[in-house]
Amino acid sequence: QGRCRCSLPEAFKADSTSCCEAMPAEAEKQEVDMAAEEATEKTEAKAEEAEVKDEKEEKEAKEEEGEEEAREVAAKKEPEKPKEQEEDAADAPRTKISPASVDINSADATLNVMPTAGNKLIMPITEGGFQHLLAGFRTTAGIKSGRYMFEVKIVEILNPAEARAQHGRMLTPRQLLRIGFATADSSLFLGDTEDSLCFDSEGNFTHNRQSTMVAQKFAREQVMAIVLNLEEDGPNAHTLSLFRDGVRMCQPQKLPESMRGKALFPAVTFRNLTVHVNLGATPLAKMPFSCRMVQDAAEKDASVKTVAKPKDGKYEVLFPACLPDEGSFDWLDLFLEKHPEYTELSDRMILDWAEKSGLVRTRGYQWKTSNDKPDMGFGIPPLDDLSTCNMLKTIAPALERNLVVMEVKANLIKEDRQSLLKRFNLPHLKKIAVIMVGDPTQDFKQRVQSIMLKEKQAASDVTFKAQQAEERVKRMAAKRQRDIEKEQRKQERAAKRLKREQEEAAKKAEEEAKKAAEDAAKQNGEGKDGEGEKEGDDKKDVTMAPEEKKVEVEEDEEKDDEDDKMDELEDQKPPVVQLTDEEKDLTHRKMANPDMTESVLAKSYADFSLPSKEEGFDDITYHWQPEGDVAKLLKDWVFAKKLTQRVEDLKPGDSFKESWSQWQKSIQEWRKLASEWKDPNKRKALLAKRAEAKKKEAEEKGDEAPKEDPEVDVDDLDVFSVDNVSDIGNGEPLFANFVYEDWFLLSTRYEIHLLLHSFKKDLNDSDRPSFTEKDLGFYYNRYFKKAFSLKSYNAKDLAGLVELIHDTLLVNKESSFLEPALSDDTPIANFVKLTEEHRRDRQRRLDAGDETAELKFPRNAPAPPARQPPSGSSWHGGGSGSRPGSAGGGRGPPPHSARQAPSGNGSHYSSRPAYSSSSSAQKRAYTPTGASSYSSKQPRTYGGGGGGGYGGGGGSYYRR
């Protein structure tokens, strides 16, 4: 291989010619050959590369040729774009409407629409909450045949924003534009009803609140043209088309059947935009076909709506005066139906406007606090704080249109009426008070009855559908159960049939085997007879039992009566209801919400009065009753309200505060004295102090001090002859035997007495000397700052309480007013005497066996730690036996449980079981006990609490 031979092994060297000789000739030859081979390979590689390149270029050329051919083929196959099907308007002679008669109808627009530049530029008000409300208007001319168009261009995009809304979030109202057509009496908000349709700036086509995406969005400076084709012939007959800068944006949209055959007026609904409206003869953008503008319409194709102006040049502003809940808003709805040229100004109108503008109300639009002043509840400050309503009353007087200012409360109060009149005190406005009081007109009664019948029918339909659905569920369940039972019976019959067939087959096989054996044993002659019998047996057929076959046939042929009943159920129609005679006699219907809330009515009804010309009205009209009758009706209505309506702003006077302070001081002293008298050690101290005082008094007079007190028969004592309730003559207080119920009733007596007399003084209204049972809790809380509840006395109604304190509280049978039984100057000590007399009367009844005389009032306050009586004392509440230290002996107060803190007269009670009152007592034996266990060495303060008693109840005492 050309190696040096020196590198060969020794065994090969002997044959070599020289140790270091090589074979140059051979090596050179090999090198030449190798170089030739490499050159040949390179040449071949280049040739191959050139060939591949040629093939690639040829292939690319062919592909390009193929693509070109494909494009040519595709171009040949691609259809041509459809041509515009709308044709140029015919230039035929015709009588045109006056161009001046086609304009923006200012009387047919929302109150926030501000036309400028000759009614060509329309802008909305965007302050005071109006940036959240839609604006809308219609033109004075409508199209009833032919093909016409109008244009709208967005000139300015407004971006008003609220400073802050609820929870600190920023509110940025969005812009919106709707352009289309509507009937003359439809809503000003396009697409909201079935009488209008439109394209909006989002590219939607909307009709009756149903939207479909058909085009691209609108943009500023784009001219949007709406073409209405009402021609009877042609591919685009009865359609509405949208064009942008003269280019069709969507296919023609068919007019709904509800809008055909009616005059359709160009209309625009927008928000936070300034728009240019072109109704004139020349379009702003060139169309692919010639089309006449609305202002260029023929007389036969158009319907012009003239805006009537008042003869004297003054527009009317009506101020309806109607008593609350006596048809105010029903009258307004009826009036607006008859006079659509009037515009309502009310909070109700603002709420309806916001709903149609798409605003979300927190509690929905059905909820209202009242019809007159519904709580807005949008979470948008200008709307919620009524800034929008106030701005509306500022804008409306500047407009030339008839208005109805619907304010139930304000129109009945003189000061509020004068405030409203100042807003509308302009030369072009005529202010008229319209009074609806008394028996309404016949057309109003018919409308009310129609609404009542409709509501009654709707309620009946709901009930009927619910009953029908319930009946359907029951019948379906019964049908499923019958199907299950039928299938079970079918399976049972099949099982019986199979069993019978198996038994008969086995029997037949057994007989055949038996006969075969017999045939084998018989001779040929006998065999023939056997074969005949066998042949006869083969002819036997196994059939089902006749009764089973009859049942199965009956079930197969039976018609499912329930299916027919289900069909009958579906065919049933709701019953038609009628108004009863009592409902037909009603002149006003009860609405879902009151016209005024109870609190607002209570504060304002006493100030209701009728409008007069002296206040600034130009005219006063009486729609229902004449002036003389209306004045008397209002007076009687106010008087009737005084008898039943509470006085929300009543405040306790100085006389009450003085008497109440004196009572609290006295009851505190009495409570403390009663507690000390029940403690034997303190009683001794009291008696010693009393003796010392009498001795000192005698010395001052120069008389000899009495050695001992005269005996006093406590049981036979005439309580009303006692001069000092704190000492009946022997040092014992008259209230020594009082327990919780007695103190509770004592406080109740005085509090009710003081309340009734103070109410009369503080109100100082001869027409309203008192109040009825329903307002007792309200006034009690207003004066004593605590709740009142009959449950604190175990009384089911007021009669139960009156039975307990009939010596203090009376109820007038004619007026149902609560009346005090005692005069205003009754000494407070008399209430202690009345309470003691009542206690003794109950005790006598108990001693006679009348257990219903026992009183047990619930106490809901937690019991304080029990105090241990002093050493050696036998006085302990709850024990039995006679009263220690008393002159009477065996009589004492009703038994009490362990000492508990007194309860209040609130509406919450503990889990302690309620005890019986005098009208419903527990039947159990009475065991006389000592006095109540309410004893404490610490002084106590009496006060607070409801309905007497103490601790939260009426007249409580707390540790100081």
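1. Buried here means under 20% relative accessible area, and that cut-off is a handy way into this predicted model. Helix α3, residues 328-338, is mostly covered, with eight of its eleven residues buried. The buried set consists of Ser 328, Phe 329, Asp 330, Trp 331, Leu 332, Leu 334, Phe 335 and Leu 336. Their cover includes the strands β19 (315-322), β20 (342-345), β21 (402-405) and β22 (429-436), along with helices α4 (347-356) and α8 (442-521).

2. Do have a look at the largest nonpolar core, which has 72 residues. Leu 345, Phe 378 and Phe 608 are the members that touch the most others. Around Phe 378, once neighbours within four places in sequence are set aside, you will find Leu 351, Ala 354, Leu 359, Val 360, Arg 361, Tyr 365, Leu 383 and Asp 384 in contact. A second core, separate from this one, holds 54 residues, including Trp 663, Phe 744, Tyr 780 and Ala 795.

3. Next, a helix pair worth your time. The axes of α15 (residues 654-677) and α17 (residues 740-763) come within 11 Å and cross at roughly 170°. Angles over 145 degrees count as roughly antiparallel, so α15 is roughly antiparallel to α17. On the α15 side, the contact is made by Ser 655, Phe 656, Ser 659, Trp 660, Trp 663, Ile 667, Trp 670, Arg 671 and Ala 674. From α17 come Trp 743, Leu 746, Ser 747, Tyr 750, Glu 751, Leu 754, Ser 758 and Lys 761. Sorted by class, this contact has ten nonpolar, four polar and three charged residues. As a general reminder for reading such lists, an α-helix has 3.6 residues a turn, so residues three or four places apart point the same way.

4. The same two helices turn up again with α18 (residues 776-784). Its buried residues are Leu 776, Phe 778, Tyr 779, Tyr 780, Tyr 783 and Phe 784. They are covered by elements including α15, α17, α19 (798-804) and β25 (818-820). Just after α18 comes Lys 785, with a positive phi near 60°.

5. Finally, a polar residue to inspect: Thr 206, in strand β9 (residues 204-207). Thr 206 counts as buried because its relative accessibility is 8%, against a cut-off of under 20%. Its side chain makes a polar contact, at 2.8 Å, with the side chain of Ser 211. Beyond residues up to four places away in sequence, Thr 206 touches Gly 191, Ser 196, Leu 197, Cys 198, Asp 200 and, again, Ser 211.

Note on methods: Residues numbered from 1 in each chain as written. Predicted model: local features only at pLDDT ≥ 70, side-chain atom pairs only at ≥ 80, totals over all residues. Heavy atoms only, no water. Axes fitted to C-alpha atoms, helices over the stretch in contact; angles between N-to-C directions. Helix = DSSP H or I, 4+ residues; strand = E, 2+ residues; numbered from the N terminus. Parallel < 35°, antiparallel > 145°, perpendicular 65-115°, else oblique. Contact = heavy atoms within 4.5 Å. Nonpolar A, V, L, I, M, F, W, Y, C, P; charged D, E, K, R; others polar. Core = buried A, V, L, I, M, F, W, Y, C linked by side-chain atoms within 4.5 Å. Buried < 20%, exposed > 50% of the residue type's maximum accessible area, 1.4 Å probe, protein only. Polar contact = N/O pair within 3.5 Å; in protein donor to acceptor, adjacent residues only side chain to side chain.
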